[in-house]
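Me: I would like a close look at the enclosed space inside this protein, taken slowly and with the surrounding detail. Please start with the lining and then work outwards.

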Amino acid sequence: MTRICVPIMASTAGQMAREIDDAQAAGAQMIELRLDYLQDRNEEGIRALMEYAACFPGQIIVTCRLASEGGQYNGSEDARMELMTAAIGPATDFIDVEYEAWRHSPLVSEQIGLQCAGGCESRNPQLRLILSKHDFQHTPADLDAIFDKLLHSHADVVKLACKAESITDSLRMLEALRNARRSPLNKGGLRGVIALSMGETGILTRVLARKFGALLTFAALDTGKESAPGQPTIKDLRELYRWDALNPATRVYGVVGCPVAHSMSPAIHNAAFAAVGHDGVYLPMRVEPSFEAFEAFLDGCLARPWLDLRGLSVTIPHKENLLRYAEARGGEIDPLARRIGVANTLHIEPGQREDGSDAKLYAFNTDYRGALDALCQGMGCQPTDLAGMPVAVLGAGGVSRAIVAGLTDCGCRVTIYNRTAEKAVALAAEFGAKALPWEQRVRPGTQVIINCTSIGMWPHTADTPLGETGTSPAATTGGAGILPASGQLTVFDTVYNPIESRLLREAREQGHQTIDGVAMFVGQAAAQFERWTGQTAPTDLMRDIVVRRLTATR
Ligand code: NAP
């Protein structure tokens with residue numbers, strides 16, 4: 001079973017002891033004692049620390065990395081070996097040294113080799129040697145060849161950690177992990193393999209380490225305590241990424257975009273998978289903003305069907321790229337997504353071939369479905385009831401486009417108002433809607449107003465597209481842009497941060513019905529979830545998570 005290993009990197013033995021306790025409380029199954037971080041490196045202190053560490057119920061790795069190996073140690077090699085030797089006691093399960101040092105320094109290979117061969121009476125008879133290779137600059141081309149070299153050594157465990165320059169490097173690392181575990185050099189899989197990518201896109205390798213049977217994955221005790229870039233916290237690994245539920249059959253999903261680090265989608269989809277018992281994990285997947293990068297990533301995923309990638313949420317700037325990719329690969333495209341010109345969801349049905357070339361792709365757009373669901377739920381009606389309804393749409397950007405397509409598809413009478421008039425005219429012409437100047441918003445007789453502009457979004461929460469005293473330069477006064485004071489309107493704001501925008505607050509205060517942007521956000525995610533899992537989405541839970549996250553970031 002793949003273990004969670006927490007690196008302990010404190011500068012004093014006392015602080016290390018406290019962090020060992022914290023790691024245990026957080027659910028670590030392994031700790032890595034980074035002796036190179038200790039300021040006071042006397043042997044007696046180290047022995048006392050190791051005695052304390054013996055209380056840790058999991059396994060213990062000891063290492064002391066040189067500054068040239070990405071560590072903090074800059075003393076003599078003799079002193080380093082003495083330090084590591086002092087740390088080898090009954091509780092030490094693994095000793096980790098860099099492969100190059102092992103190869104080129106007889107001192108290292110003799111001293112450490114002696115310990116592993118039983119040089120110290122009180123040592124753990126199970127003491128095992130980890131030989132590591134790190135590359136903090138990039139991911140070399142031939143990872144299998146590197147693992148072959150490591151596997152030709154005396155190591156009981158081989159470890160490779162490289163900086164991922166793009167997400168395809170992480171895909172290659174996962175493949176290398178898989179190959180090294182199955183390699184004939186790996187004595188029937190008896191030797192442990194660790195393969196990790198550093199950097200934001202490395203999260204794939206860190207979470208999926210368990211799916212692909214790595215010996216361990218590293219997780220930080222807390223944010224700011226990472227021993228390598230891109231390392232998740234143990235809390236995120238266990239609670240956000242469902243570590244304890246991961247297994248070789250777990251299906252993989254994710255959100256592709258740039259940036260994606262602050263996306264709420266992993267939180268809501270993973271919690272929803274857990275709630276319905278779906279064996280899946282959902283990860284952030286940062287892909288650089290070009291079609292070529294998007295294509296390379298998806299080609300890389302599809303060529304590795306063992307990855308079990310089954311679905312993607314696709315966000316800015318790749319929504320058009322998804323449509324183009326699906327078209328080029330002969331995928332099935334939802335007609336409305338084609339009309340809108342963008343897709344935000346990919347569903348992958350695996351084929352039989354080992355090269356993944358017969359996988360079936362389905363691209364669709366759940367933004368309009370999310371918006372329509374939010375609208376119908378808020379109004380207590382069916383999409384068919386929307387036919388003939390006069391709706392004002394503010395804005396003519398990407399969200400507006402999906403919503404106008406959905407509304408006109410339902411037969412609504414849509415009028416678009418946009419600051420840049422030409423965009424409103426073009427959008428209206430495309431979908432059979434009407435366009436009026438921004439200054440004329442909103443005409444009498446309108447039943448529903450939908451804000452698809454970014455006005456009022458955090459941090460500009462004092463702004464509103466329909467206020468008497470709007471601070472936004474675009475929110476004009478003098479008769480235009482004022483929320484009607486009487487009558488029963490439905491006001492829907494696609495802005496979801498804040499949850500109740502100024503527009504919605506004022507609409508509520510004037511007795512209008514309001515629908516917030518969270519409803520749409522949850523609606524589009526729920527539609528993705530249902531498509532991927534075939535199960536009803538736990539929308540209350542999903543909404544709860546979004547609201548909690550938005551409230552927590554305030
Ligand atoms: P977009 O393509 O950049 O479009 C932005 C729209 O806002 C344009 O029509 C723009 O008018 C208008 N606008 C911006 N600042 C304005 C101002 N000061 N005065 C008047 N009009 C202004 O963005 P998008 O992707 O459509 O997103 C729009 C909003 O939707 C986002 O801000 C976000 O809050 C919300 N959203 C919600 C969800 C959800 O699930 N609830 C999902 C995604 C986005 P011009 O054409 O004149 O520039």
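**The cavities and their surroundings**

Reply: The residues that line the largest cavity divide into six nonpolar, four polar and six charged. This is a predicted model, with an average pLDDT of 93 over the protein and 96% of the residues scoring at least 70. The largest cavity has a volume of about 180 Å³, and 16 residues line it, of which Arg34, His134, Lys159, Ser227 and Ala228 lie nearest its centre. The elements that give two or more residues to this lining are strand 2 (30-34), strand 6 (157-163) and strand 7 (192-198).

The structure holds two cavities of 30 Å³ or more, and the second largest has a volume of about 30 Å³. Its lining has eight nonpolar residues, one polar residue and no charged residues. The residues in question are Tyr368, Ala371, Leu372, Leu375, Ala402, Ile403, Gly406, Leu407 and Ile450, and helix 14 (367-379) and helix 15 (398-409) each supply at least two of them.

Beyond the cavities, the aromatic side chains deserve attention, and the count of aromatic pairs comes to seven. One of these joins Phe212 and Trp306, whose ring centres are 5.4 Å apart and whose planes stand at 90 degrees, so the pair is edge-to-face. Phe212 lies in the loop between helix 8 (203-208) and strand 8 (216-218), while Trp306 lies in the loop between helix 11 and strand 11, so the pair ties together parts that are 94 residues apart in sequence. Both partners are buried, Phe212 with a relative accessibility of 9% and Trp306 with a relative accessible area of 17%.

Another pair is formed by Tyr282 and Trp532, with ring centres 6.1 Å apart and planes at 40 degrees, so this pair is tilted. Because Tyr282 lies in strand 10 (residues 280-286) and Trp532 in helix 18 (residues 517-533), the pair ties together parts that are 250 residues apart in sequence. Tyr282 is buried at 0% relative accessibility, and Trp532 is buried at 5%. Ring pairs also link these two residues with Tyr253, Phe273 and Phe529 into a cluster.

The backbone has some features to check by eye as well. Most residues other than glycine have a negative phi, and most peptide bonds are trans. Asp308, although it is not a glycine, has a positive phi of about 60 degrees; this residue is found in the loop between helix 11 (291-302) and strand 11, and at 17% relative accessibility Asp308 counts as buried. Arg242 likewise is not a glycine and has a positive phi, of about 55 degrees; its place is in the loop between helix 9 (234-240) and strand 9 (251-257), and Arg242 is buried, with a relative accessible area of 14%.

Two cis peptide bonds can be added here. The bond from Ile316 to Pro317 is cis, with omega near 5 degrees, and Pro317 lies in the loop between strand 11 (309-314) and helix 12 (319-328). The bond from Trp458 to Pro459 is cis too, with omega near 10 degrees, and Pro459 lies in the loop between strand 18 (448-451) and strand 19 (490-493).

A last point concerns confidence: over residues 469-479 the pLDDT stays under 50, and for this stretch the model has 22 contacts beyond four places in sequence.

Technical notes:
Residues are numbered from 1 along each chain as its sequence is written. This is a predicted model: local features need pLDDT of at least 70, side-chain atom pairs count only at pLDDT 80 or more; totals for chains, interfaces and linings use all residues. Side-chain values use heavy atoms; hydrogens and water are left out. Helices (H or I, at least four residues) and strands (E, at least two) are DSSP runs, numbered from the N terminus. Buried means under 20% relative accessible area, exposed over 50%, partly exposed in between (1.4 Å probe, protein chains only). pLDDT is the predictor's confidence in each residue, from 0 to 100. Contact means heavy atoms within 4.5 Å. On a 1 Å grid over the protein atoms alone, a cavity is a set of points where a 1.4 Å probe fits but cannot get out, and a pocket is an open set with protein on both sides within 12 Å along at least five of seven lines; lining residues have an atom within 4 Å of a point. Grid points are joined across faces, edges and corners, and a volume is the space filled by probe spheres set on the points. Ala, Val, Leu, Ile, Met, Phe, Trp, Tyr, Cys and Pro count as nonpolar, Asp, Glu, Lys and Arg as charged, and the others, Gly among them, as polar. Rings of Phe, Tyr and Trp (its six-membered ring) pair if their centres lie within 6.5 Å; planes under 30 degrees apart count as stacked, over 60 as edge-to-face and the rest as tilted.
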